[in-house]
Amino acid sequence: MSSLQDFVKREKTRRTLDLRRLVVICDPKGKSVRLALFLPVLLGIVHTVERIRIRPMATKHDDGTVLVRQEQKLKPPSMYEVLLLNDDYTPMEFVVMVLQEYFNKDRENATQIMLMVHRDGKGVCGLYPKDIASTKVELVMNHARKAGHPLQCVMEEV
């Protein structure tokens, strides 16, 4: 019986399994995975699994060359501006209310954006990742339709 099986058998008799004392070990080819006892005192690294930093393992080819996996660098998500477009029928007070309710603007900032929409034809409500921007556009459009206003809300990639 392996030391892992002995450990699991001992832990089962206690009715608890201390997973903090186990660690996963993979061979370089990645064909087999086994659990082994984690000995933090001997390794002198950490005492709990929660504090272990997982790093990519090196792989070794038959010719003796060691290749190290490089971590992928993720680019930040593309951001979108949510814009309100001017029309001649939507009341200014409704636009201020929408900015306060859906974009968490205070009354002063909402009024400034509303005046920008009125004066320049469009106003920036906020900058969001694509999913959040599209959700906000949908919410504003649905609210405007229910209230009977032709307010237009769009998003543009920055």
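**Entry 1: methionine 97**

I started with methionine 97, which counts as partly exposed at 26% relative accessibility. I placed methionine 97 in helix 3. I then looked up its spacing to methionine 114: the two are 17 residues apart in sequence, and their C-alpha atoms are 9.9 Å apart in space. I note here that I am working from a predicted model.

**Entry 2: overall layout**

I went through the elements of the protein and found 5 helices and 7 strands. Read from the N terminus, I have their order as α-β-β-α-β-β-β-α-α-β-α-β. I looked up burial for the whole protein, and 24% of its 158 residues count as buried. I also checked contacts with a separation of 6 or more, and 55% of them join residues 24 or more positions apart.

**Entry 3: helix 3 against helix 5**

I turned to how helix 3 sits against helix 5. Two packed helices are described by the angle between their axes and the distance between the axes. I took helix 3 as residues 92-103 and helix 5 as residues 130-147. Their axes come within 11 Å and cross at roughly 140 degrees. I recorded the crossing of helix 3 with helix 5 as right-handed.

Which residues of helix 3 meet helix 5? I listed Phe94, Met97, Val98, Glu101, Tyr102 and Phe103 on the helix 3 side. On the helix 5 side I listed Lys136, Leu139, Val140, His143, Ala144 and Ala147. Sorted by class, this contact has 9 nonpolar, 1 polar and 2 charged residues. Methionine 97 from my opening entry is on the list, and methionine 97 is partly exposed.

**Entry 4: aromatic pair**

I searched the whole structure for aromatic pairs and got 1. The pair is phenylalanine 103 with tyrosine 128, and their ring centres are 6.4 Å apart. I noted the angle between the ring planes as 35 degrees, so I wrote the pair down as tilted. For context, planes under 30 degrees apart count as stacked and over 60 as edge-to-face.

I checked where the two rings come from. Phenylalanine 103 lies in helix 3 and tyrosine 128 in strand 6 (residues 122-129), so the pair ties together parts that are 25 residues apart in sequence. Are these two residues buried or exposed? Phenylalanine 103 is buried at a relative accessible area of 4%. Tyrosine 128 is also buried, at 16%. Phenylalanine 103 is also among the helix 3 residues that meet helix 5.

**Entry 5: salt bridges**

I looked for salt bridges and found 2 in the structure. One joins glutamate 93 and arginine 107, with the closest N and O atoms 2.9 Å apart. I have glutamate 93 in helix 3 and arginine 107 in helix 4 (residues 107-120), 14 residues apart, and this pair links distant parts of the chain. I looked up accessibility for both partners. Glutamate 93 counts as partly exposed at 45% relative accessibility, and arginine 107 is partly exposed with a relative accessible area of 45%.

The other bridge I wrote down joins arginine 119 and aspartate 120, with the closest N and O atoms 3.8 Å apart. The cut-off for this pairing is 4 Å. Arginine 119 counts as exposed at 59% relative accessibility. Aspartate 120 counts as exposed at 53%.

Technical notes: Residues numbered from 1 in each chain as written. Predicted model: local features only at pLDDT ≥ 70, side-chain atom pairs only at ≥ 80, totals over all residues. Heavy atoms only, no water. Axes fitted to C-alpha atoms, helices over the stretch in contact; angles between N-to-C directions. Helix = DSSP H or I, 4+ residues; strand = E, 2+ residues; numbered from the N terminus. Left-handed = near helix turned anticlockwise from the far one by under 90°. Contact = heavy atoms within 4.5 Å. Nonpolar A, V, L, I, M, F, W, Y, C, P; charged D, E, K, R; others polar. Phe/Tyr/Trp six-rings, centres within 6.5 Å; stacked < 30°, edge-to-face > 60°. Buried < 20%, exposed > 50% of the residue type's maximum accessible area, 1.4 Å probe, protein only. Salt bridge = Lys/Arg side-chain N within 4 Å of Asp/Glu carboxyl O.
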